[in-house]
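Work through the following exercises with the sequence and the 3D view open beside you. Each task is followed by a solution that goes step by step.

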Amino acid sequence: MTDLSVLVLPDRHPTSAWLAEVVEAERAGVHTVWTYDHLTWPLLRDNPWYGCVPLLAAAAGATERVRLGVQVATPNYRHPVPFAKELMTLDQLSGGRLEVGLGAGTESLDAQVLGEPPLTPRERMDRFAEWIGLLDKLLVEPIVTAHGERYHAIDAHQLPGCVQTPRVPFTVAGTGPRSLRLVARHGQAWVTYGPYGPAVGPDEWFAALEKQSGQLDAVLEGRRIRRIVNVGLESYWPFESRDRYADTVGRLAALGFDEVSVHWPRPDGRGVPAKALAGVLAVHGL
């Protein structure tokens, strides 16, 4: 059975509304509640927008079973040393229920907010490779000293360490050759949107996912990792009917995806339509 996870964006106001939706999703039986790790998001840039880490800390105290996930953190504004400390703390607060999504980051608002000069795609991948490598080390080893081209750690303590061993699981985003190699090296899971946007139809979407998944297979060389697909915030065709959604999930399972992540119904009408939620849950046996 393909797992169902949900994305609850951190723009609910007040924050108690966000927390109530996380609790509701847990009661529905979903596998993971993810939230986005951005300082702002272009599509909703004029909305309230809260910090991912403190929201997940609150969710850890308000839930008991559901896994809680960051999706996806990037080097755009996060240094691996303090971020590792926050992730270790979240894993402790949640009793070992934390999932961590990681990506290279794009030249978005998050990349510009600190006034850093623009990076080329190659420079972003160089930065990501160093960043995820140090983050991995910090979350595995209790004390780390490391000197890199961009990042340094001097006697960085991670005590008592993560609940999960050897560390919290990484879900690595990306579809390019270098990204997929980093998935293979550091990831316990891989996440993709496929082609993104409201104009993307089902044929184009499934074809792209099949190609991406095949490229990952080539890099993994027979090793198996968890595969997650996100349904875009403004992709509505999978929810036209329960049968349409069941067919979508079946085709994704045939492509090797273990988890489907959808946006929890929103007040603005984006994400899973509220009237379709019961059918979505039923398809996953919830």
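**Exercise 1. Describe the lining of the largest cavity by class, and then name its residues and its volume.**

Solution. Begin with the classes: eight nonpolar, four polar and no charged residues make up the lining of the largest cavity, where Ala, Val, Leu, Ile, Met, Phe, Trp, Tyr, Cys and Pro count as nonpolar, Asp, Glu, Lys and Arg as charged, and the others, Gly among them, as polar. This is a predicted model, in which local features need pLDDT of at least 70 and side-chain atom pairs count only at pLDDT 80 or more, while totals for chains, interfaces and linings use all residues. Residues are numbered from 1 along each chain as its sequence is written, and side-chain values use heavy atoms, with hydrogens and water left out.

Next, find the lining residues in the view: they are Y193, P195, Y196, G197, V200, W205, N230, V231, G232, S235, W237 and P238. Finally, the volume of the largest cavity is about 80 Å³, and the structure holds one cavity of 30 Å³ or more. On a 1 Å grid over the protein atoms alone, a cavity is a set of points where a 1.4 Å probe fits but cannot get out, a pocket is an open set with protein on both sides within 12 Å along at least five of seven lines, and lining residues have an atom within 4 Å of a point. Grid points are joined across faces, edges and corners, and a volume is the space filled by probe spheres set on the points.

**Exercise 2. Trace the order of the strands in the barrel, and examine the pairing of β2 with β3.**

Solution. Follow the eight strands in the order β1-β2-β3-β4-β7-β8-β9-β10, which close into a barrel with parallel pairing. On average, neighbouring strands of this sheet are turned by 25° against each other, direction ignored. Now take one pair: β2 (residues 32-36) and β3 (residues 67-73) are joined in the parallel sense over five bridges, and T35 has V70 in β3 as its bridge partner. Two strands pair if DSSP finds at least two bridges between them; helices (H or I, at least four residues) and strands (E, at least two) are DSSP runs, numbered from the N terminus.

**Exercise 3. Characterise the largest pocket, and then the second largest pocket.**

Solution. The largest pocket has a volume of about 950 Å³, and among its 33 lining residues V72, G105, T106, A173 and Y193 lie nearest its centre. At least two lining residues come from each of β3, α5 (121-140) and β8 (189-192), with α5 giving the most, four residues. By class, this lining divides into 13 nonpolar, 16 polar and four charged residues.

For the second largest pocket, the volume is about 260 Å³. Its lining has 15 residues, of which P75, N76, E116, R127 and Y151 are the closest to its centre, and it divides into eight nonpolar, two polar and five charged residues.

**Exercise 4. Locate the cis peptide bonds at P14 and P160, and the positive phi of D155.**

Solution. Most residues other than glycine have a negative phi, and most peptide bonds are trans. The bond from H13 to P14 is cis, with omega near 0°, and P14 sits in the loop between β1 (3-7) and α1 (15-28). Another cis bond joins L159 and P160, with omega about 10°; P160 belongs to the loop between β6 (152-157) and β7 (170-173). Lastly, D155 is in strand β6 and, although not a glycine, has a positive phi of about 50°.

Notes: Axes fitted to C-alpha atoms, helices over the stretch in contact; angles between N-to-C directions.
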